[in-house]
Amino acid sequence: MSKALAASILSISLLTIMASAAVSPALAKISQAFPMADFTTIKLILTIPSLMIIPFSLLSGWLVSRVKKKNLLLTGLAIYLLGGVGGGLAGSVSQLLLIRGLLGIGIGLIMPLSTTLIADFFKGEARTRMMGLSGSVTNLGGVFFLVLSGWLACYNWRYSFGVYSLALVTVMMVHHWLPEPPRHTEEQQKTLKLTKSVYLYAFLGMLLMICFYAVPTNLALFIESEQRLFSSEKPMFKNRQELLDSLARGTISETTRNAFNDNGIALTETTQITVAEPGKIWLITDNNKTYHVKKEGDILIIYAERLGRPAIAGYALATMTLSGVLTGLILNPVIKFLVMFTVPTALLLMAIGFGLLCSATSLPTVFLAVPFIGLSAGLLMPSLILKVTKIAPGIQRTLAMAIVSSGVFLGQFLSPLVLKLVAYLSGYDTFRSRFGFLATCILAASVIGFGIALSMKRKRSDTHIQQHC
């Protein structure tokens, strides 16, 4: 197959899985632009496309046997372009959600085709390599989208939606270089049916995205939010005069130092104190760390300063997706090496990533955590798609991928809602509690997976021995 054909197919992958999350670095700025909307509504900006993707992905699987794949693909790309760039023109959250729904329709039409075109034109190991490259390109698109979106969001949140204009390049490549795949006869379509395993893989894809999408829907808000450390039950100053003396010197008193020590924070001798808002907010700076002391009612609440700006969230998410790019490039040898341990190993990596995020108190820890999650997704998603292409009959492959894609994007939509429900039931509604919950669940799944894989390996070994006795 020609390089132009491969490039055309891979350019479609560039626009799919991470498309909904492309503007995630701008979430905090969008939240500030629409202060009446709560965090859950703001997160729907990322997840509402996923809800629309589901029915239109299934519609794409049904239409593919009735219209030309190329025409369906170009239609989906045109809708994608309008729904993507159009988000920057929204005048309210309601309008923005409506336009984002249009983006979801476009993704839904092109998503099943992005993977079935690989199966149409490539076979055997070439298909596995292309599937790995597809995963790499998908993540590479995420790197491009997230970095550029985060940078643009520093100027204006509306500019971040301009990243979707990349679809114009894909439209031109598909129009000039992608031929129409061979069509199957009507008789073949009637005789081939989907296996029940397709629905199992759709369910697994949903669970994967509920976990994975917790990063793009929470990271920007996590980085930009202040972390509540403790409320000062003991006085932080003996009296008003001690407060005035501390502010005059610019250094903290022993009373303040002891209040921090009682809550596990040791302040150095060079710690400084300044007024941010008279009578309401004070800043305590110790080396490179700044603590906000806020008067709320009759008590003082101590917060850690936010970790960074929107662009930092874009860079962190780009680091995560870049690690997925690297995994896709070596997917074939990794699967051959790990064999049945591929899935539990990937789950272990994701659990480590969420565990590090749960404990992160600085940006270096965030940047250390997210590659583990990216590596995990880079292993799990292509492996899932490869399984589906193997078990689904050729003519029904697009419909099978539509069903699995529906499960994946349903997981994206459900991710913030499921985590909100968990927070409600547990009584702990913080970013760290969400990351900690996911780390615990995924680690448990990994342990179970390793147990199943070891059991399967023993059975195969026993069978092999019996055959040679």
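In the predicted model, E277 has a relative accessibility of 34% and therefore counts as partly exposed. The residue takes part in a salt bridge with K280, in which the closest N and O atoms are 3.8 Å apart. K280 likewise falls in the partly exposed class, because its relative accessibility is 47%. Apart from this pair, salt bridges that share partners join E254, R257 and E269 into one network. A search of the whole structure returns 4 salt bridges.

Within the network, the side chains of E254 and R257 meet at an N to O distance of 3.4 Å. Both residues belong to helix α12, which covers residues 254-261, and they are separated by 3 residues, or about one turn of the helix. An α-helix has 3.6 residues a turn, so residues three or four places apart point the same way. Side chains of opposite charge can pair when their charged atoms come close. The two partners differ in their exposure class: E254 is partly exposed, with a relative accessible area of 48%, whereas R257 is buried, at 8%. The side chain of R257 also forms a salt bridge with that of E269, with an N to O distance of 3.9 Å. Because R257 lies in helix α12 and E269 in the loop between α12 and β2 (272-277), this pair ties together parts that are 12 residues apart in sequence. E269 counts as exposed, because its relative accessibility reaches 63% and the cut-off for that class is over 50%.

Helix α5 comprises 29 residues (residues 93-121). At 1.5 Å a residue, a span of 42 Å is expected for α5, and the end C-alpha atoms are 42 Å apart, so the two values agree. A kink of about 30° is nevertheless present in α5, centred on T115. The helix is mostly covered, with 23 of its 29 residues buried.

A further buried position is K69, located in helix α4 (residues 69-85). The relative accessibility of K69 is 13%, so the residue is classed as buried, the limit for this class being under 20%. When neighbours within four places in sequence are left aside, K69 is in contact with V64, L113, T116, L117, D120, E180, P181 and T398.

At the surface, L133, L326, L329 and I330 make a nonpolar patch of about 360 Å². One of these residues, L329, lies in helix α13 (residues 310-329). L329 has a relative accessibility of 52% and therefore counts as exposed.

Backbone geometry draws attention to V339, found in the loop between α14 (331-338) and α15 (342-359). The phi angle of V339 is near 50°, a positive value in a residue other than glycine. Most residues other than glycine have a negative phi. V339 has a relative accessibility of 47%, so this loop residue counts as partly exposed.

Terms used. Residues are numbered from 1 along each chain as its sequence is written. This is a predicted model: local features need pLDDT of at least 70, side-chain atom pairs count only at pLDDT 80 or more; totals for chains, interfaces and linings use all residues. Side-chain values use heavy atoms; hydrogens and water are left out. Helices (H or I, at least four residues) and strands (E, at least two) are DSSP runs, numbered from the N terminus. Buried means under 20% relative accessible area, exposed over 50%, partly exposed in between (1.4 Å probe, protein chains only). The expected span of a helix is 1.5 Å times one less than its number of residues. The bend at a residue is the angle between axes fitted to the seven residues ending there and the seven starting there. Patches are made of residues with over 30% relative accessible area and no salt bridge: like charges are joined within 9 Å, nonpolar side chains (Val, Leu, Ile, Met, Phe, Trp, Tyr) within 5 Å. Accessible areas come from the Shrake-Rupley method with a 1.4 Å probe; for residues, only the protein chains shown count as cover. Contact means heavy atoms within 4.5 Å.
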